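Got your viewer open and your selection box ready? Let's take a walk through this one, a few picks at a time.

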Amino acid sequence: MPPADSHLDVAVIGAGILGLATARALLAQTPLALAVLETEDRPAAHQTGHNSGVIHSGLYYRPGSLKAELCTTGRRALEAYCTEREIPFERCGKVVVATEDSELPALDELERRGRANGLAGLERLTQAGLRKHEPHVAGIAGLFVPETGIVDYSAVARSFAADVEAAGGEVRLSTAAGAIRRDGDGFAITTPGGIVRCRHLLNCGGVQADRIARRAGLDPVIAIVPFRGEYKTLRPERRGLIRNLVYPVPDPRFPFLGVHFTRRIDGAIEAGPNAVLATHRHGYRRRDFSARDVLAMLSYKGFWRMGRRYWRTALGEVHRSLSHAAFTRALQRLLPELRPEDLIPGGSGVRAQALEPDGSLVDDFRFVEGPASLHVLCAPSPAATASIVIGETIAARAAEHFSL
Ligand SMILES: Cc1cc2nc3c(=O)[nH]c(=O)nc-3n(C[C@H](O)[C@H](O)[C@H](O)COP(=O)(O)OP(=O)(O)OC[C@H]3O[C@@H](n4cnc5c(N)ncnc54)[C@H](O)[C@@H]3O)c2cc1C
């Protein structure tokens with residue numbers, strides 16, 4: 001049983017991959033009384049444990065951007081960590097497939113970005129070249145990205161949790177942070193086990209991060225809107241259709257990569273995810289509904305502005321969510337041999353999509369400082385890939401801001 005009324009130097013809210021990576025990096029800098037508070041009974045219960053399991057290469061991001069740098073350095077750090085801890089991962093590579101002439105300029109841009117971001121072994125593929133990598137995939141051109149890999153991020157997060165405990169920190173599961181009030185220079189956090197007092201607060205609450213920030217007295221400006229990503233799985237006897245990872249050329253207007261095929265580290269082939277607005281911040285099933293979450297969306301002006309901008313795309317995603325045939329058709333562009341009966345329902349993940357008041361989708365990391373607190377308000381993909389270096393970046397920033 002955790003101490004009910006402990007006084008911590010730092011309370012980290014959220015045992016997703018970022019809360020744990022940051023806690024671990026903080027403890028590596030300096031000895032601290034630190035606890036990670038987690039609502040669920042296990043680490044990685046939300047975005048981290050429901051993602052695609054891809055170690056991204058750094059292909060997509062604008063050269064020189066924080067995302068590009070964190071992804072490439074983070075990928076290397078993650079691979080080194082997995083090797084050291086014997087966490088299975090594979091650098092299996094992926095292909096990005098253009099299926100129409102209109103996608104070629106975007107494919108050229110991806111290749112340019114990949115080279116500028118220093119990716120090794122990037123290879124432009126003709127139709128025949130594509131077939132060598134993925135014999136069943138159809139496209140007019142492609143890009144082979146050998147540095148992309150796969151891993152189980154829940155396993156990585158569990159290992160980070162063990163590191164936190166080995167360094168003298170605590171991971172308190174089933175400990176939701178409820179009300180948060182100022183307590184002297186620090187905070188008093190209400191949890192089911194009692195009040196937790198801390199000098200500093202680090203908010204890594206994922207899909208709840210805007211609410212936690214508000215409870216800690218900060219105006220987050222952005223709002224988090226949940227998008228459910230639904231996956232299907234290829235029937236085991238049809239796994240031979242895909243060798244590794246197959247992606248479409250993404251639509252540059254959106255921070256989503258488009259429905260793709262991913263081989264999981266356990267050998268399963270997943271297809272998806274789509275991106276549908278969820279009516280619950282933990283809305284893994286279509287029927288999940290939270291009046292509080294829906295009202296929060298409807299009362300945010302950025303939500304209506306987003307709706308005006310993207311309603312057409314949103315309708316397409318809803319259609320693919322409701323219609324198995326439409327979901328299959330989207331994938332058949334990449335894999336014409338795919339039949340509707342090859343796909344069975346898979347898992348789903350809920351993405352914490354941060355929205356600006358003007359309705360634009362926040363596409364980069366956003367860390368905001370408050371008095372005695374630091375808030376991770378947006379940590380989109382490739383945050384799992386880059387978790388070790390993001391954790392170090394946040395820890396360095398926290399150490400400076402908190403004068404640790
Ligand atoms: C569908 C999908 C696919 C993705 N694919 C990839 C990929 O292939 N590769 C990649 O690099 N990235 C991917 N991402 C992105 C990546 O998974 C996330 O960026 C990353 O997991 C974010 O980690 P986090 O710790 O910020 O959030 P989370 O993992 O969501 O953790 C937040 C934690 O905070 C806890 N929490 C919330 N409120 C409270 C509270 N009040 N008290 C205590 N605890 C609280 C939650 O229970 C949760 O455990 C994907 C994301 C999604 C949704």
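**First stop: a small sheet**

Begin with a sheet of three strands, an open one with antiparallel pairing and the strand order 3-8-4. Keep in mind that what you are looking at is a predicted model. Select residues 54–55 and 89–90 to get the edges: strand 3 and strand 4 each pair on one side only. Now add residues 149–151, which is strand 8; two bridges tie strand 8 to strand 4, and the two run antiparallel. For one pair to zoom in on, pick glutamate 90 and isoleucine 150, its bridge partner in strand 8.

While you're here, step back to glutamate 86, in the loop between helix 2 (66–85) and strand 4. Check its backbone: phi is positive, about 60°, although glutamate 86 is not a glycine. Is this residue buried or exposed? Glutamate 86 counts as exposed because just 7 other C-beta atoms lie within 10 Å, and the cut-off for exposed is 12 or fewer.

**Second stop: helix 1**

Select residues 17–29. At 1.5 Å a residue, the 13 residues of helix 1 should span 18 Å, and the end C-alpha atoms are 18 Å apart, so expectation and model agree. Colour by burial and most of the helix lights up: 11 of the 13 residues are buried. The buried ones include Ile17, Leu18, Gly19 and Leu20, and Arg24 is on the list as well.

What does the covering? Show strand 1 (7–13), strand 2 (34–37), helix 5 (153–166), strand 12 (194–203), strand 20 (373–378) and helix 10 (387–401), which are among the elements packed over those buried residues.

**Third stop: the core**

Stay in this area and switch to the nonpolar residues. The largest nonpolar core holds 119 residues, and Ala11, Ile17 and Leu20 have the most contacts inside it. Which element gives the largest share? That would be helix 1, with eight residues. The core lies between domain 1 (7–48 + 154–222 + 363–401) and domain 2 (225–242 + 250–357), because both of them give residues to it.

Now centre on alanine 11. Setting aside neighbours within four places in sequence, alanine 11 is in contact with Ala35, Leu37, Ile189, Val196, Cys198 and Leu201.

**Fourth stop: the two domains**

Colour the two domains separately, using the bounds from the domain assignment: 7–48 + 154–222 + 363–401 for domain 1, and 225–242 + 250–357 for domain 2. Put a distance between their centres, taken over C-alpha atoms, and you should read 28 Å. Then look at where they touch: 13 residues of domain 1 are in contact with 12 residues of domain 2. On the domain 1 side, the touching residues are seven nonpolar, four polar and two charged.

**Fifth stop: strand 20**

Back to strand 20, one of the elements covering helix 1. Six of its six residues are buried. On one pairing, strand 12 runs parallel to strand 20, joined by three bridges; asparagine 203 stands opposite histidine 375 there. On another pairing, strand 19 (residues 366–370) runs antiparallel to strand 20, with five bridges. Click on glycine 370 and you'll find serine 373 opposite, in strand 20. The hairpin of strand 19 and strand 20 has two residues between the strands, and alanine 372 takes a positive phi near 60° in that hairpin.

**Last stop: backbone oddities**

A few more torsions deserve a click:

- Serine 381 to proline 382: the peptide bond is cis, with omega near 15°. Proline 382 is in the loop between strand 20 and helix 10.
- Glycine 272 to proline 273: another cis peptide bond, with omega about -10°. Look for proline 273 in the loop between strand 16 (269–272) and strand 17 (276–277).
- Serine 174: phi is positive, near 50°, in a residue other than glycine. Serine 174 sits in the loop between strand 9 (170–172) and strand 10 (180–183), and is partly exposed, with 14 other C-beta atoms within 10 Å.

Methods:
Residues are numbered from 1 along each chain as its sequence is written. This is a predicted model: local features need pLDDT of at least 70, side-chain atom pairs count only at pLDDT 80 or more; totals for chains, interfaces and linings use all residues. Helices (H or I, at least four residues) and strands (E, at least two) are DSSP runs, numbered from the N terminus. The expected span of a helix is 1.5 Å times one less than its number of residues. A residue is buried if 20 or more other C-beta atoms lie within 10 Å of its own, exposed if 12 or fewer, and partly exposed in between; C-beta atoms are placed from the backbone. Two residues are in contact if their C-beta atoms, placed from the backbone, lie within 7 Å. Domain bounds come from an automatic or database domain assignment. Ala, Val, Leu, Ile, Met, Phe, Trp, Tyr, Cys and Pro count as nonpolar, Asp, Glu, Lys and Arg as charged, and the others, Gly among them, as polar. Two strands pair if DSSP finds at least two bridges between them. A nonpolar core is a set of buried Ala, Val, Leu, Ile, Met, Phe, Trp, Tyr and Cys residues joined through C-beta atoms within 7 Å.
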